[in-house]
Amino acid sequence: MTQNNGQDMPAMLPHIQALNTYEGVDPMEVMAERAGIAPDKIIRLNGNENPYGPSPRVSDALANFQNFNHYPDPDQRNLRRVLSGYMNVPPEMLVAGNGSDEMIDLLLRMYVGIGDNVIAPTPTFGMYSFSTGICGGETISVERDENFEIDLEAMKAAITSKSKIIFLTSPNNPTGNIVPEAQTRALLDTGLLVVMDEAYFEFCGETATPLLSEYKNLVVLRTFSKWAGLAGLRIGVGAMDPSLAATMMAMKPPYNVNLAAEVALTTSLEDTPGLLERVQQIVTERDRMMVELDKIPNLTPWPSRANFILCQVPEGRGKEIFDGLCSRGIFLRYWSSGRLKDYIRTSIGLPHETDAVVQAFAELCGGSDAA
Ligand SMILES: *Cc1c(COP(=O)(O)O)cnc(C)c1O
């Protein structure tokens, strides 16, 4: 036991003490142990990770790299140059981050203080509200309509004098649909900073980057976690107005992107055709899975432009079906409360994983109390 000199723990900021944790995905071994199943028998499709892994060239490049004793370049010269080719945007408009999660965090710290708010059409990615909470801000969640499309009028009506950022996600996680350009423009016309998160761009091919030259208040985010299979190395990028990028470069942690991530990124971009071939395989598999899921009575798969499919199960049975999947060693994404409590999201994995998920859903959704 540690010696206590009679001092209490100094009080933390109230908004930090009240923070809800972000539920990340658990490691494979933890899940295997929980299900009592060997790790190599587990099907883990809860994080939209790439089932094919990184480019095969990445491990060689990392093994051969000689300079891990040096700090990375705080000005990201090489990174911004190679990312410029990838984004088709000049280097001075780019900032690389420790995952696009860090870009979200940096933007919030630049714009949102205690009492300010951000606006996000929900359901959507949980990181926006999590990082907003760390800044002492509030997230105004504007419900999407019955087809999970953005309700433009409700979005505009939600804006207050304390609103600073609108978060858009295209394709949206977890619903899989894209934001039509007319809606993006309408929200940009509000004058608030609009952050367009394109984490799944490669799976759909539609981007807001051409709008960067028209709107100073647009930021486009991309990541190498999903299409390039680098989730574990943490590398993402934001494209924005050059003056905003300059300020972000000045306030970010100097060595925010580690050298292993930089080597992996550079190598991956040299193998872009190979990686895009795998993206195409995932898209083909997604469309096959959609057809198979659609055949299951009592299950409604939502059309997706990304590398996952949101499945609606019979009312009141979300938890039971999710538990049934877990006990079969199949780990998908489930939200225990709110509008998505009868929805389960599956990432697109390898073909044999698709077959196992489809079979498990067919068995579980057919239950006796099915409609
Ligand atoms: C997965 C995901 C991210 C996270 O990206 P990282 O680069 O791994 O931090 C960002 N946005 C959305 C919508 C995602 O689904």
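## Salt bridges

A salt bridge is a side-chain nitrogen of Lys or Arg within 4 Å of a carboxyl oxygen of Asp or Glu. The structure is a predicted model, and under this rule it contains 21 salt bridges. One of them joins the side chains of Glu143 and Arg339, with an N to O distance of 2.7 Å. This pair connects distant parts of the chain, its members being 196 residues apart. Glu143 belongs to strand S4 (residues 138-143), whereas Arg339 lies in the loop between strand S12 (333-334) and strand S13 (343-347). Glu143 is partly exposed, at a relative accessible area of 44%, and Arg339 is likewise partly exposed, at 33%.

Further pairs can be described in the same terms. Arg44 and Glu49 meet through their side chains at 2.8 Å, N to O. Arg44 has a relative accessibility of 18% and therefore counts as buried, the limit for that class being under 20%. Its partner Glu49 is partly exposed, at 30%. Glu292 forms a salt bridge with Lys295, and the closest N and O atoms of this pair are 3.0 Å apart. Here Glu292 is partly exposed, with a relative accessibility of 26%, while Lys295 is exposed, at 57%. Asp73, Asp75 and Arg77 are linked in a network of salt bridges.

## Nonpolar cores

In soluble globular proteins, nonpolar side chains tend to be buried together. The largest nonpolar core of this model comprises 82 residues, and Leu218, Phe224 and Phe361 have the most contacts inside it. Helix H12 (residues 272-294) supplies the largest share of this core, namely seven residues. Another core, of 24 residues, lies apart from it and includes Val95, Leu107, Val118 and Phe167.

Which residues surround Phe361, once its neighbours within four places in sequence are left aside? Phe361 is in contact with Leu293, Ile296, Leu299, Cys311 and Val313, and also with Ile321, Leu325, Leu332 and Ile344.

## Packing of helices H5 and H10

Two packed helices are described by the angle between their axes and the distance between the axes. For helix H5 (residues 100-111) and helix H10 (residues 242-251), the angle is about 100° and the axes are 11 Å apart. H5 is therefore roughly perpendicular to H10, because angles of 65 to 115 degrees fall in that class. On the H5 side, the contact is made by Met103, Leu106, Leu107, Arg109, Met110 and Tyr111. H10 contributes Leu244, Thr247, Met248 and Met251. By character, the residues of this contact comprise eight nonpolar, one polar and one charged.

Helix H5 also holds Ile104, which is buried at a relative accessible area of 0%. Apart from neighbours within four places in sequence, Ile104 is in contact with Phe125, Met127, Tyr128, Ser131, Phe167, Asp197 and Leu221. Ile104 and Leu79 are 25 residues apart along the chain, and their C-alpha atoms are separated by 19 Å.

## Helix H6 and its surroundings

Helix H6 (residues 127-134) has Met127, Tyr128, Ser131, Thr132 and Gly133 as its buried residues. These buried residues pack against two helices, H1 (14-17) and H5, and against strands S3 (117-122), S4, S5 (163-169) and S6 (193-197). Three of the H6 residues, Met127, Tyr128 and Ser131, also appear among the contacts of Ile104.

After H6 comes Gly136, with a positive phi near 80°. Gly136 is placed in the loop between H6 and S4 and is buried, at a relative accessible area of 14%. Not counting residues up to four places away in sequence, Gly136 touches His15, Gly113, Ile114 and Gly115. The C-alpha atoms of Gly136 and Ala154 are separated by 24 Å, at 18 residues apart along the chain.

## Ile114 in the loop before S3

Is Ile114, a residue touched by Gly136, buried or exposed? Ile114 is exposed, with a relative accessible area of 64%. The residue sits in the loop between H5 and S3. Leaving aside neighbours within four places in sequence, Ile114 is in contact with His15, Cys135 and Gly136. Between Ile114 and Ile134, the separation is 20 residues in sequence and 9.3 Å in space, C-alpha to C-alpha.

Terms used
Residues numbered from 1 in each chain as written. Predicted model: local features only at pLDDT ≥ 70, side-chain atom pairs only at ≥ 80, totals over all residues. Heavy atoms only, no water. Core = buried A, V, L, I, M, F, W, Y, C linked by side-chain atoms within 4.5 Å. Buried < 20%, exposed > 50% of the residue type's maximum accessible area, 1.4 Å probe, protein only. Helix = DSSP H or I, 4+ residues; strand = E, 2+ residues; numbered from the N terminus. Contact = heavy atoms within 4.5 Å. Axes fitted to C-alpha atoms, helices over the stretch in contact; angles between N-to-C directions. Parallel < 35°, antiparallel > 145°, perpendicular 65-115°, else oblique. Nonpolar A, V, L, I, M, F, W, Y, C, P; charged D, E, K, R; others polar.
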